[in-house]
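Please open the model in your viewer and keep the selection tool handy. We will go from stop to stop, and at each one I will suggest what to pick and what to look for.

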Amino acid sequence: MTPLSVQVLVATMYRDDFNFLTDFGLASDAVVINQADFCGDTNLELDGHTVLVHTSTARGLSASRNKAIELASADICVITDDDVILAPDYATMISDAYGRHPEADIIAFQVSRTGTERAKDFSQMGRRLTFLGAMKVSSVEITFRREAVRTSGLSFDEAFGSGSPHSMGEESIFLFDALRKGLRIRYEPVVIGMTHMGKSSWFDGYSEKYFRDRGAVFKRMAPRLTWLLVIQFAVRKHSLFASRISVGGAIRLMLEGARSYR
């Protein structure tokens, strides 16, 4: 069976050189979306791989993701950020997984985390993901069949994500929309990269804005289940923000955010 082609879609900002790709561990073609104060396209060659760099004045992580999808050309696309270090054989592992699971339109893999912030335990059992499982997937763990995403009209909601009015939740919305469109999502317990969980570009603690944005995300994900999602989040995550706000206060702010989202 012919291996499926793999292309990495990288979001970055204010780059005037792309030396970071050397440490990145690139072992396939890539599309780099560089948000800066000028516009232009550049084609680079790195260890025999083609890298298309698209620099734009557009803002917002989801806008970068969507532009990368538009410019992609491979069978399988890999969503990632510029601070991820890819596993040496990521392209082969991803291609092989889609070969084993031809029914899957989207496969979430493991990207291991270093540092002490926002640790994550990964299941060691591969399985099909439904709405509940999709909520646990981070954006840099997402890969997809390019043709399935394009044919379905799936895209990232540009009102959500870093640099957008609501600074989080774009990956959960993307996967919920995928499931509603009939795409099939799978999780594979295979490590395709590593990232350091230091200070986040969007997470600045459990502020009032954080909870209002979270409520808007839940409203966008599942309008009829907003109350349920808000309450389960407040109860399940209370230990993380107990020193800042009560469960009732968190619920109130999330519902305010949900009501304000249209």
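## A guided tour

Start by selecting Leu129, which is buried at 3% relative accessibility. Keep in mind as you look around that this is a predicted model.

**Stop 1: around Leu129**

Colour strand β8, residues 127-129, and you will find Leu129 in it. Which residues touch Leu129, once neighbours within four places in sequence are set aside? Show Ala108, Ala134, Val137, Leu179, Ile185, Arg186 and Tyr187, and you have its contacts. Now draw a distance from the C-alpha atom of Leu129 to that of Tyr98: the two are 31 residues apart along the chain and separated by 15 Å.

**Stop 2: helix α6**

One of those contacts, Leu179, takes us to α6, where Leu179 is among the buried residues. Select the helix, residues 170-180. How many of its 11 residues are buried? The count is 10, so this helix is mostly covered. Besides Leu179, the buried residues include Phe174, Leu175 and Phe176, and also Glu170, Glu171 and Asp177. Step past the end of α6 to Gly182, where phi is positive, near 90 degrees.

**Stop 3: the loop before α6**

Go back along the chain to the loop between α5 (146-152) and α6, and pick His166. Is His166 buried or exposed? It is buried, because its relative accessible area of 15% is under the 20% cut-off. Show its surroundings next: beyond neighbours within four places in sequence, His166 contacts Ala159, Phe160 and Gly161, as well as Asp213, Ala216 and Tyr261.

**Stop 4: two helices packed together**

Hide everything except helix α8 (residues 226-236) and helix α10 (residues 247-260). Their axes are 9 Å apart and make an angle of about 145 degrees. Turn the view until one helix lies over the other, and you will be looking at a right-handed crossing.

Which side chains should you switch on here? From α8, show Thr226, Trp227, Val230, Ile231, Phe233 and Ala234; from α10, show Val247, Ile251, Met254, Leu255 and Ala258. This contact is made by 10 nonpolar residues and one polar residue, with no charged ones. As you look along the helices, it may help to recall that an α-helix has 3.6 residues a turn, so residues three or four places apart point the same way.

Zoom in on Ala234 in α8. Its relative accessible area is 0%, so Ala234 counts as buried. Not counting residues up to four places away in sequence, Ala234 touches Phe241, Val247, Ile251 and Met254. Phe211 makes a good distance check: its C-alpha lies 9.5 Å from that of Ala234, and the two residues are 23 apart in sequence.

Then move on to Lys237, in the loop between α8 and α9 (238-241). Lys237 is partly exposed, with a relative accessible area of 26%. From its C-alpha to that of Val247 is 9.1 Å, across 10 residues of chain.

**Stop 5: two positive phi values**

Most residues other than glycine have a negative phi, and the next two selections go the other way. First pick Tyr14, in the loop between β1 and α1 (20-24). Its phi is positive, near 50 degrees, and Tyr14 is partly exposed at 48% relative accessibility.

Next, pick Asp47, in the loop between β3 (40-46) and β4 (49-56). Asp47 also has a positive phi, of about 50 degrees. Is Asp47 buried or exposed? At 69% relative accessibility it is exposed, because that is over the 50% cut-off.

**Stop 6: the cavity**

For the last stop, turn on a cavity display. How many cavities of 30 Å³ or more does the structure hold? There is one, and the space in the largest cavity is about 30 Å³. To see what surrounds it, select Leu9, Val10, Ala11, Ser64, Arg65, Ala68 and Ile79. β1 (6-13) and α2 (61-71) each supply at least two residues of this lining. Colour the lining by residue type, and you will see five nonpolar residues, one polar and one charged.

Definitions and conventions
Residues are numbered from 1 along each chain as its sequence is written. This is a predicted model: local features need pLDDT of at least 70, side-chain atom pairs count only at pLDDT 80 or more; totals for chains, interfaces and linings use all residues. Side-chain values use heavy atoms; hydrogens and water are left out. On a 1 Å grid over the protein atoms alone, a cavity is a set of points where a 1.4 Å probe fits but cannot get out, and a pocket is an open set with protein on both sides within 12 Å along at least five of seven lines; lining residues have an atom within 4 Å of a point. Grid points are joined across faces, edges and corners, and a volume is the space filled by probe spheres set on the points. Helices (H or I, at least four residues) and strands (E, at least two) are DSSP runs, numbered from the N terminus. Ala, Val, Leu, Ile, Met, Phe, Trp, Tyr, Cys and Pro count as nonpolar, Asp, Glu, Lys and Arg as charged, and the others, Gly among them, as polar. Axes are lines fitted to C-alpha atoms, for helices over the stretch in contact, and angles run from 0 to 180 degrees between N-to-C directions. A crossing is left-handed if the near helix is turned anticlockwise from the far one by less than a right angle, and right-handed if clockwise. Contact means heavy atoms within 4.5 Å. Buried means under 20% relative accessible area, exposed over 50%, partly exposed in between (1.4 Å probe, protein chains only).
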